[in-house]
Amino acid sequence: MALAPSGPSDRARTPPDARGGQLLAAHAVSLAFGAGAERRAILRDLSFAVAEREFVCIVGPSGCGKTTLLRMLAGLLPGSAGAVEFDGAPVRAPQPDIAIVFQDYGRALLPWRTVAGNVALALEARRVARRDHAARIAPLLAKLRLAEHAEKFPAQLSGGMQQRVQIARCLAQEPRMLLMDEPFGALDAITRQTLQDEFARLAKEEHRTVLFVTHDLEEAIYLGDRVIALAANPGRIADILEVDLPRPRDQLATRENPRFLQYRHRLFRHLAH
Ligand SMILES: Nc1ncnc2c1ncn2[C@@H]1O[C@H](COP(=O)(O)OP(=O)(O)OP(=O)(O)O)[C@@H](O)[C@H]1O
Ligand SMILES: [Mg+2]
């Protein structure tokens, strides 16, 4: 089950828990859809920041605006007020340094391309020379346990494998930040736990900065260094929690840790209505 360890690099020398400076920030971001009497506030006055190498989870009830917020942070959707900043510069359009992992892996992959071909899309977008593709793709596929499936097509893969391909493609982009929208939401419980562990480990080993949206508060606590809880109508920050649980996390021990249960208790009321 284990992912291959990453090779020596500057990243690998940084302790996994060390946080860097602020990478992404939302400053009093608001969004409304519609006009006149039909105008509806979707997100109101959200301010928060994500530090380099931090794993932040956003949790909130269905319809509270999580996907909308992620699209704004990615530069895919302009806000009605406030500002988003990435690495100190305003975000007004999609950034090559931000990769997005969608819940719907089925639609995120090109069905006529193999696993390796789908990962190559990110290299093509970055104009990496074709002769260098194989050397870049092989280690990524190994890391995501897809090495034997490089020549298969998405339809020949399980849901968990397809989602791994999407993650491999995002990593091939070598982004400074990953935005993930309920990436494991459509998977069965066991596959989901496996991918949680694999991805959490990969993110920490490679010192990735991650903003991970989920409606599952246990998943948020399990994965996050911090959890931002949103309340609905309009979407706004209800709570921000520092998760003080040892890593690597463990599906049994972490979830049975009394502190995990306290966090769960604290966040539950935000989702309960
Ligand atoms: N383009 C749009 N025009 C009008 N309303 C929209 C648009 N996009 C989203 N909304 C509304 O914004 C609200 C938030 O939607 P969003 O998809 O961000 O919620 P979510 O928290 O991601 O929900 P889920 O957990 O179900 O994925 C919803 O009420 C939705 O109907
Ligand atoms: Mg959503």
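This briefing walks through a predicted model, beginning with the surroundings of its ligand and ending with some unusual points along the backbone. Around ligand 1 stand residues of the protein that include R40, C64 and T67, and helix α2 gives the most to this shell, with three residues. Elsewhere, a search of the whole structure finds three aromatic pairs, and two peptide bonds to proline are described below as cis, one from N233 to P234 and one from R247 to P248.

**The shell around ligand 1**

- The residues around ligand 1 are F33, R40, I42, P61, S62, G63, C64, G65, K66, T67, T68 and E182, and they divide into four nonpolar, five polar and three charged.
- Two elements, β2 (40–51) and α2 (66–73), each supply at least two residues of this shell.
- On the side-chain level, a polar atom of R40 lies 2.9 Å from an oxygen atom of ligand 1, and a polar side-chain atom of T67 also lies 2.9 Å from an oxygen atom of ligand 1.
- The backbone takes part as well, since a backbone N or O atom of C64 lies 3.2 Å from an oxygen atom of ligand 1.
- Of the 640 Å² of accessible area that ligand 1 has on its own, the protein covers 60%.

**Helix α2 and what follows it**

- Six of the eight residues of α2 are buried, so this helix is largely enclosed by the rest of the structure.
- The buried residues of α2 are K66, T68, L69, L70, M72 and L73, and K66 and T68 are also among the residues around ligand 1.
- Just after α2 comes G75, which takes a positive phi of about 80 degrees.

**Aromatic rings**

- The search of the whole structure for aromatic pairs finds three, and in one pair the rings of F55 and F212 have their centres 5.9 Å apart and their planes at 40 degrees, so the pair is tilted.
- F55 lies in strand β3 (residues 55–59) and F212 in strand β8 (residues 209–214), so their pair ties together parts that are 157 residues apart in sequence.
- Both F55 and F212 are buried, and together with F184 and F199 they form one aromatic cluster.
- A ring can also have a charge over it, as at Y222, where the charged end of R255 sits over the ring, 4.6 Å from its centre.

**Residues apart in sequence**

- M161, which has its place in helix α6 (residues 159–172), is buried, with a relative accessible area of 17%, and its C-alpha is 8.6 Å in space from that of R145, although M161 and R145 are 16 residues apart in sequence.
- A89, found in strand β5 (residues 89–90), is partly exposed, with a relative accessible area of 36%, and A89 and L24 are 9.4 Å apart in space, C-alpha to C-alpha, while 65 residues separate them in sequence.

**Backbone points to look at**

- The peptide bond that joins N233 and P234 is cis, with omega about -10 degrees, and P234 is found in the loop between β9 (226–231) and β10 (236–242).
- The peptide bond from R247 to P248 is cis as well, with omega near -5 degrees, and P248 has its place in the loop between β10 and α9 (253–256).
- A28, in strand β1 (residues 22–33), has a phi near 45 degrees, a positive value in a residue other than glycine, and A28 counts as partly exposed at 32% relative accessibility.
- D87, in the loop between β4 (81–86) and β5, has a positive phi near 50 degrees, again in a residue other than glycine, and D87 is partly exposed, with a relative accessible area of 44%.

Conventions:
Residues numbered from 1 in each chain as written. Chains lettered and ligands numbered in written order. Predicted model: local features only at pLDDT ≥ 70, side-chain atom pairs only at ≥ 80, totals over all residues. Heavy atoms only, no water. Near = heavy atom within 4 Å. Polar contact = N/O pair within 3.5 Å; in protein donor to acceptor, adjacent residues only side chain to side chain. Areas by Shrake-Rupley, 256 points an atom, 1.4 Å probe, with all protein chains shown as cover. Helix = DSSP H or I, 4+ residues; strand = E, 2+ residues; numbered from the N terminus. Nonpolar A, V, L, I, M, F, W, Y, C, P; charged D, E, K, R; others polar. Phe/Tyr/Trp six-rings, centres within 6.5 Å; stacked < 30°, edge-to-face > 60°. Buried < 20%, exposed > 50% of the residue type's maximum accessible area, 1.4 Å probe, protein only. Lys NZ or Arg CZ within 6 Å of the ring centre and 35° of its normal.
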